[in-house]
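Notebook open, coffee poured. I want to go through this fold piece by piece and write down what I look up.

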Amino acid sequence: QLKLELLEALGLDQTFVIEFDRELASLSAEAFATEVVAKGLGASHVVVGHDFSYGKGRSGTTAELALLGKMLGFGVDVVAPVGAGGTTFSSSRIREQLRQGETQQAAEQLGYWWRVRGRVSEGAGRGTGLGFPTINLPLAPGQDVRHGIYAMRVSHGGQRQHAAGYVGARPTFGAGEPVLEAYLLDFAGDLYGQEVEVEFIAFLRPDAIFASADALAEQMREDCDRARAVLTKLDADDPMRRFPLARALAHAPAT
């Protein structure tokens, strides 16, 4: 759903989502171009990235697609690599940056702050006991980010709140599966069951084990202060606002 909204924000009028099943995966490159692109979509012109591949075993190349297009009646444009500072932007590089906690570097490639969306679930209640009630979100497969503390923004019901967030397995309490927890600064309310969107703004520190709950609570107060400082500065000068997609996602007028 989020990807569809990103495409809509870029101005696309229509999007077709094709399920990648066994039948589609078994098509040869020629069959994919014929049955899916030419007949199924009725395409008159196709635009693909420089490293686009298709067909069984990803055997189809952009050069082959251009030749097939001439035979099947559609044109082909191949977009050259996009990058900055001698580095080519790519999804694999973005994923690696997120695994390293390099949120701004990833955002510079995406054109917006990386984010996850989900419905707030019931947690263990430890944050409330420590004086920091958090919202809890399940992490979907592929949402692989560095464990630790982040400055975040949480959007819900048309509002956007500053937050100090955590991704990890809560080693102080001997927990297991990684979770996403966020403490909304200067907010009082119950978001249980509501859908929220969480933007990862800045990595503050790695995950750690604390000797006691009191020691953890003291560190959390420091984390909240650091998150507040980062996010207050961001409100005054958000580097992502220079990107059209980030402005569209924030429902802000272009400048």
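**Entry 1: the whole chain.** I started with the contacts that have a separation of 6 or more: 65% of them in the protein chain are between residues 24 or more positions apart. Note to self: this is a predicted model. I count nine helices and ten strands in the protein chain. The C-alpha atoms fill a box of roughly 70 × 45 × 35 Å along the principal axes. Of the 255 residues, 38% are buried.

**Entry 2: the S1/S2 pair.** Next I looked up how strand S1 (residues 45-49) and strand S2 (residues 75-79) run. They are parallel, and five bridges join them. I noted two of the partners: His45 has Gly75 in S2 as its bridge partner, and Val48 stands opposite Val78 in S2. With helix H4 (residues 62-72), S1 and S2 make a β-α-β unit, and it is right-handed.

Which side chains of S1 are buried? Val46 and Val48 are, and they point to one face; His45, Val47 and Gly49 point to the other face and are not buried. That fits the textbook rule that side chains in a regular strand alternate between the two faces of the sheet.

**Entry 3: the six-stranded sheet.** I then traced the open sheet, which has six strands in the order S5-S10-S7-S8-S9-S6 with antiparallel pairing. Strand S5 (115-119) and strand S6 (135-137) are the edge strands, each pairing on one side only. On average, neighbouring strands here are turned by 35 degrees against each other, direction ignored.

I zoomed in on S8 and S9, which pair in the antiparallel sense over six bridges. Tyr166 has Glu181 in S9 as its bridge partner. Helix H8 packs on this sheet, touching S7, S8, S9 and S10, and its direction makes about 110 degrees with that of S10.

**Entry 4: helix H8.** I wanted the length of helix H8 (residues 213-236). Its 24 residues reach 35 Å from first C-alpha to last, close to the 34 Å expected at 1.5 Å a residue.

Which residues of H8 are buried? My list reads Leu216, Ala217, Gln219, Met220, Asp223, Cys224, Ala227, Leu231 and Leu234. Background for reading that list: an α-helix has 3.6 residues a turn, so residues three or four places apart point the same way. The cover over the buried residues of H8 includes strand S7 (148-156), strand S8 (159-168), strand S9 (179-184) and strand S10 (195-206).

Asp223 caught my eye, so I checked whether it is buried or exposed. It sits in helix H8 and counts as buried because its relative accessibility is 3%, under the 20% cut-off. Leaving aside neighbours within four places in sequence, Asp223 is in contact with Ile149, Ala164, Leu204 and Arg205.

**Entry 5: the cores.** The largest nonpolar core has 23 residues, and the ones with the most contacts inside it are Tyr112, Trp113, Ala151, Ile201 and Met240. S7, S8, S9, S10, H8 and H9 each give two or more residues to this core. Which element gives the most? H8 does, with four residues.

There is also a second, separate core of 22 residues, which includes Leu180, Leu191, Val196 and Val198.

I went back to Ala151 for its partners. Beyond neighbours within four places in sequence, Ala151 is in contact with Ala163, Glu199, Phe200, Ile201, Ala202, Leu204, Ala227, Val230 and Leu231.

**Entry 6: Leu184.** This residue lies in strand S9. Why do I call Leu184 buried? Its relative accessibility is 4%, and the cut-off for buried is under 20%. Outside its neighbours within four places in sequence, Leu184 is in contact with Ile135, Val154, His156, Gln161, His162, Ala163 and Leu191. I also looked up its distance to Met220: 12 Å C-alpha to C-alpha, with the two positions 36 residues apart in sequence numbering.

**Entry 7: Arg247.** Last one for the day. Arg247 is found in helix H9 (residues 244-249). Is Arg247 buried or exposed? Buried, with a relative accessible area of 11%. From Arg247 to Val17 I get 25 Å in space, C-alpha to C-alpha, and the two are 230 residues apart in sequence.

Key:
Residues numbered from 1 in each chain as written. Predicted model: local features only at pLDDT ≥ 70, side-chain atom pairs only at ≥ 80, totals over all residues. Heavy atoms only, no water. Pairing = 2+ DSSP bridges. Right-handed = clockwise from strand over helix to strand, strands pointing away. Buried < 20%, exposed > 50% of the residue type's maximum accessible area, 1.4 Å probe, protein only. Expected span 1.5 Å × (residues − 1). Contact = heavy atoms within 4.5 Å. Core = buried A, V, L, I, M, F, W, Y, C linked by side-chain atoms within 4.5 Å. Axes fitted to C-alpha atoms, helices over the stretch in contact; angles between N-to-C directions.
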